[in-house]
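Me: I have a structure on my screen and I'd like a close look at one part of it, the main sheet and what packs around it. Could you walk me through that in one go?

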Amino acid sequence: MPSTDRKIKTAGSRILRKNSGCPIHFAGSSRNGWDSIIPTKISSIQRLFVPILASILLALSIPAFAQAPSPNRFTVVLDAAHGGDDTGGTLKDSSGAVTPEKTITLALSVRLRSLLAARGITVVTTRESDATVDDNRRAEIANRPGAQACLSLHATQTGSGIHIFASSLPPAEPSRILPWKTAQAAWVTRSLALAGDLNSALLHAGMTVTLGRTALTSIDSMACPAVAIEIAPEAATGSAQPLGPSDTAYQTRVDQALAAAILEWRSNAARTEALHP
Ligand SMILES: [Zn+2]
């Protein structure tokens, strides 16, 4: 089995490979933190209000990051990417039937929620129906409970196996107040550890895994260990027709492996807390 390190790819080539309607493929790498919130060309009147606006934005950002996770409640956020007007990519199953990505991500989220809830894990979802949810709203929902893991679920027809993306933001020291657009920087080291546990569980389940880093607006604003998981068709083995993300049997196997990974992540977190109470 090839080592994980050799499978790590930079996000660049992947980002530009196609425009499928799913931002995970073509998200840009530019980000401006506060610069994009506070206008750079302003009138004198606006100049008076900018500090006030900045104070309001700061105040609004504090509750998202000040809530410490409850020690007795292990919470996972499941983000079914796309939804409503945003259909995401388009996927075909082996019969040629077309399914929008948003439908597959919701099915993955609903099933995984049940698997985790059955194991006593508190689950928060960003959507439970075919609803439009913008990136900031997804991050707001993810940041509220002080979750121990946030998984953003995508699906694609391109490539094979499971693609796991952590934020491409460079790690930053945790602080009480974080810029909304780069909040993930303080968590990215934990996110990479989460990606490692997911990688192990998926490999153990016999799946092919590709690890990468990319810029995704919703993930970059999340103040929790967060990764985007993109389900591609299973890798071809022998003469059997590989299943795709719209196949329920494949979705179930992926969800079961993801649930196993979260359980491992919870065990590791408990051990860490026991060592560092
Ligand atoms: Zn997507």
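Reply: Here is a walk through the sheet, strand by strand, and then out to its surroundings.

A word of caution to start: this is a predicted model. Mean pLDDT for the protein is 80, with 73% of the residues at 70 or more. Residues 1-19 have pLDDT below 50, and that stretch makes 28 contacts in the model beyond near neighbours in sequence. Residues 56-60 are also below 50, with two such contacts. Keep both stretches in mind as you look around.

Overall, the protein has nine helices and eight strands. It runs to 277 residues, of which 41% count as buried. Among contacts with a separation of 6 or more, 77% join residues 24 or more positions apart.

Now the sheet. It is open and has six strands, in the order S4-S1-S5-S8-S6-S7, with mixed pairing. Which strands stand at the edges? They are S4 (122-125) and S7 (209-214); each has a single partner strand, so one side of each has no neighbour in the sheet. Going from one strand to the next, the twist averages 25°.

Let's zoom in on S5. This strand covers residues 149-155 and pairs with S1 (residues 75-80) in the parallel sense, over five bridges. If you want a place to put your cursor, Ala 80 stands opposite Leu 153 of S5. With S8, S5 also pairs in the parallel sense, this time over six bridges. There, Leu 151 has Val 227 of S8 as its bridge partner.

Is S5 mostly covered or mostly open? Mostly covered: seven of its seven residues are buried. Color the strand by face and you'll find Ala 149, Leu 151, Leu 153 and Ala 155 on one side, with Cys 150, Ser 152 and His 154 on the other, all of them buried.

Two of those S5 residues show up again around Cys 224. Leaving out residues up to four places away in sequence, Cys 224 touches Val 77, Ala 142, Asn 143, Ala 147, Ala 149, Cys 150 and Trp 187. Cys 224 is also one of the residues with the most contacts inside the largest nonpolar core, along with Leu 198 and Val 227. That core has 60 residues. Its largest share, seven residues, comes from helix H9 (residues 248-275).

While you're on H9, take a look at Ala 269, which lies in that helix. Ala 269 has 19 other C-beta atoms within 10 Å, and because a residue needs 20 or more to count as buried, Ala 269 is partly exposed. Its C-alpha is 8.6 Å from that of Gln 148, although the two are 121 residues apart along the chain.

Next, the helix lying across the sheet. H7 lies across S5, S6 (162-167), S7 and S8 (226-231), and runs at about 170° to S6. H7 covers residues 188-204, 17 residues in total, and reaches 24 Å from first C-alpha to last, close to the 24 Å expected at 1.5 Å a residue. Its buried residues are Val 188, Arg 190, Ser 191, Leu 194, Ala 195, Asp 197, Leu 198, Asn 199, Ala 201 and Leu 202. It helps to recall that an α-helix has 3.6 residues a turn, so residues three or four places apart point the same way. Leu 198, on that buried list, is the one you already met among the best-connected residues of the core. After H7 comes Gly 206, with a positive phi near 85°.

One more backbone spot is worth a click. Most residues other than glycine have a negative phi. His 82, though, has a positive phi, near 65°. You'll find His 82 in the loop between S1 and S2 (90-92). With 26 C-beta neighbours inside 10 Å, His 82 counts as buried.

For contrast, try Thr 217 in helix H8 (residues 217-220). Thr 217 is partly exposed, with 16 other C-beta atoms within 10 Å. The C-alpha atoms of Thr 217 and Thr 182 are separated by 9.0 Å, and the two residues are 35 apart along the chain.

Methods: Residues numbered from 1 in each chain as written. Predicted model: local features only at pLDDT ≥ 70, side-chain atom pairs only at ≥ 80, totals over all residues. Helix = DSSP H or I, 4+ residues; strand = E, 2+ residues; numbered from the N terminus. Buried ≥ 20, exposed ≤ 12 C-beta atoms within 10 Å, placed from the backbone. Contact = placed C-beta atoms within 7 Å. Core = buried A, V, L, I, M, F, W, Y, C linked by C-beta atoms within 7 Å. pLDDT = per-residue confidence, 0-100. Expected span 1.5 Å × (residues − 1). Pairing = 2+ DSSP bridges. Axes fitted to C-alpha atoms, helices over the stretch in contact; angles between N-to-C directions.
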